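Okay, thanks for coming, everyone. I'd like to take a few minutes to walk through one model and how its pieces sit against each other. Here it is on the screen.

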Amino acid sequence: MRAGWYEKRGPAEAVLQLGAMPDPTPGHAEVRVRIGFSGVNPSDVKRRAGPATAAIPFPRVIPNQDGAGIIDAIGAGVDPKRVGERVWLHSTCWGRPFGTGAEWAVTPDHRAIKLPSNVSLAAGASLGVPALTAHRALFGPGSVAGKTVLVTGGAGAVGLYAIQLAKWAGARVITSISSDEKATLARQAGADHVVNYRKENVAERVLALTGPVDHIVEVDFAANIATTLKVIKGNGTLSTYASMSDREPKIPFYALMNKNINVLWVTVYDLTREALDVGARDVNAWLATGKAVFPPFHPFGLDDMVKAHLAVEQGAVGKVVVAVGGENAGR
């Protein structure tokens, strides 16, 4: 098969290679998927980028956790009826060497989730880690029905899915974004209110629009904690999945404790099987409504894996996907 890979960490143009590898064979409780599209996440490029001095856990790594395609082979213990099934994938190379940046990927049976017939493979490749992160950030502590949810960074993949899943569950949603382009995308996703944090004081605007919020889905803990403390209700929930402005932030312990704030730290990779199964079930139920708004796609070919990774690093608005299987691309 044709595949992209790297054998050491570093810049995309320096370490990513493209070539031939043996076709993989599924083992016990595994499926093999003919990849139509591979989705590239920020975590994929960070994992590949470095630090360059850190050894990679495997001699060779095929990048990209997410993707979509068609199951064409199964291992022992997997229902034979799954052959031919269209699926979306997540966490494909978590704890494993090979991801979706190749013509085939082998993954545990439960990480290959049936893709509703009304969703394209390109859209399926945009789900995975972002959609399951959004689900956990919203529903990990319980229902959000009837609550007011603030989604920071509402035009990113996680934010866009969080807006829609929150609305699907019966919440009122306010989101913060940084441009008119992103505001349009957030409104298309169903946000009730949109705040441009480059032009407005987020805390003042949120309180004027909705009053204190019940729940926050947070894209940058350190950058927004001061605003969080101003807008969140006592006994509210702060679900955070990143803190890129400061990777080791100072935590205002007593300010959070004195408001009885429930802080949920979210990373999908080490979630329990039960939590992932619930997330996949709910995401598919939402997709089946036919109302999903997907991020704008930035498509690249497998030969352009370097350009795909660079597009993510440069902050492409939307979802970078790599078209891998030509015969599957239109399905």
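Let's start with a helix pair. Val202, Ala203, Val206 and Leu207 in helix 7 touch Thr227, Lys230 and Val231 in helix 8. Sort that contact by class and you get five nonpolar residues, one polar and one charged. Before I go on, keep in mind that this is a predicted model.

So how do those two helices lie? Helix 7 and helix 8, which is residues 221-231, have axes that come within 9 Å and cross at roughly 25°. Anything under 35 degrees counts as roughly parallel, so that's what we call helix 7 and helix 8. As for the hand, the crossing of helix 7 and helix 8 is right-handed.

Okay, now the sheet. What's the strand order? It goes 10-9-8-11-12-13, six strands in an open sheet, with parallel pairing. Out at the edges you've got strand 10, residues 193-196, and strand 13, residues 262-265, and each of those pairs on one side only. On average, neighbouring strands in this sheet are turned by 15° against each other, ignoring direction.

And helix 7 comes back here. Helix 7, residues 202-209, packs on the sheet, where it touches strand 8, strand 9, strand 10 and strand 11. The direction of helix 7 makes about 160° with that of strand 10.

Let me step through some of the strand pairs. Strand 8, residues 148-152, runs parallel to strand 11, residues 213-218, and three bridges join them. If you want a residue to click on, take Val151, whose bridge partner in strand 11 is Val217.

On to strand 11 with strand 12, residues 232-240: that's a parallel pair again, over five bridges. Here you can look at Val213, which has Ile232 as its bridge partner in strand 12. What sits between those strands in the unit they make? Helix 8 does: strand 11, helix 8 and strand 12 make a right-handed β-α-β unit.

Next pair along, strand 12 and strand 13 also run parallel, and they're joined by four bridges. Thr240 is the one to find there, with Trp265 as its bridge partner in strand 13. To get from strand 12 to strand 13, the chain goes through helix 9, residues 253-258, and that β-α-β crossover is right-handed.

Now for helix 10, which has a couple of partners I want to show you. Helix 4, residues 128-139, packs against helix 10, residues 273-287, at an angle of about 105°, with the axes 9 Å apart. So helix 4 and helix 10 are roughly perpendicular to each other. From helix 4, the contact uses Ala131, Leu132, His135 and Arg136. Among the helix 10 residues they meet are Ala275, Leu276, Asp282 and Val283. By class, that contact of helix 4 with helix 10 splits into seven nonpolar, two polar and two charged.

The other partner is helix 5, residues 157-168. How do helix 5 and helix 10 cross? Their axes come within 11 Å and cross at roughly 80°, so this pair, too, is roughly perpendicular. Tyr161, Gln164, Leu165 and Trp168 of helix 5 make the contact with Asp282, Ala285 and Trp286 of helix 10. The class breakdown for helix 5 with helix 10 is five nonpolar, one polar and one charged. And you'll have heard Asp282 in the helix 4 contact and again in the helix 5 contact.

Last bit: a couple of backbone oddities. Most residues other than glycine have a negative phi, and most peptide bonds are trans. Now look at the bond from Gly50 to Pro51: that one is cis, with omega near 10°. Where's Pro51? In the loop between helix 2, residues 42-49, and strand 4, residues 66-74.

Then there's Ala29, which isn't a glycine and still has a positive phi of about 60°. Ala29 is in the loop between strand 2, residues 17-20, and strand 3, residues 30-40.

That's my tour, happy to spin the model around if anybody wants another look.

Conventions: Residues numbered from 1 in each chain as written. Predicted model: local features only at pLDDT ≥ 70, side-chain atom pairs only at ≥ 80, totals over all residues. Heavy atoms only, no water. Pairing = 2+ DSSP bridges. Axes fitted to C-alpha atoms, helices over the stretch in contact; angles between N-to-C directions. Contact = heavy atoms within 4.5 Å. Parallel < 35°, antiparallel > 145°, perpendicular 65-115°, else oblique. Left-handed = near helix turned anticlockwise from the far one by under 90°. Nonpolar A, V, L, I, M, F, W, Y, C, P; charged D, E, K, R; others polar. Right-handed = clockwise from strand over helix to strand, strands pointing away.
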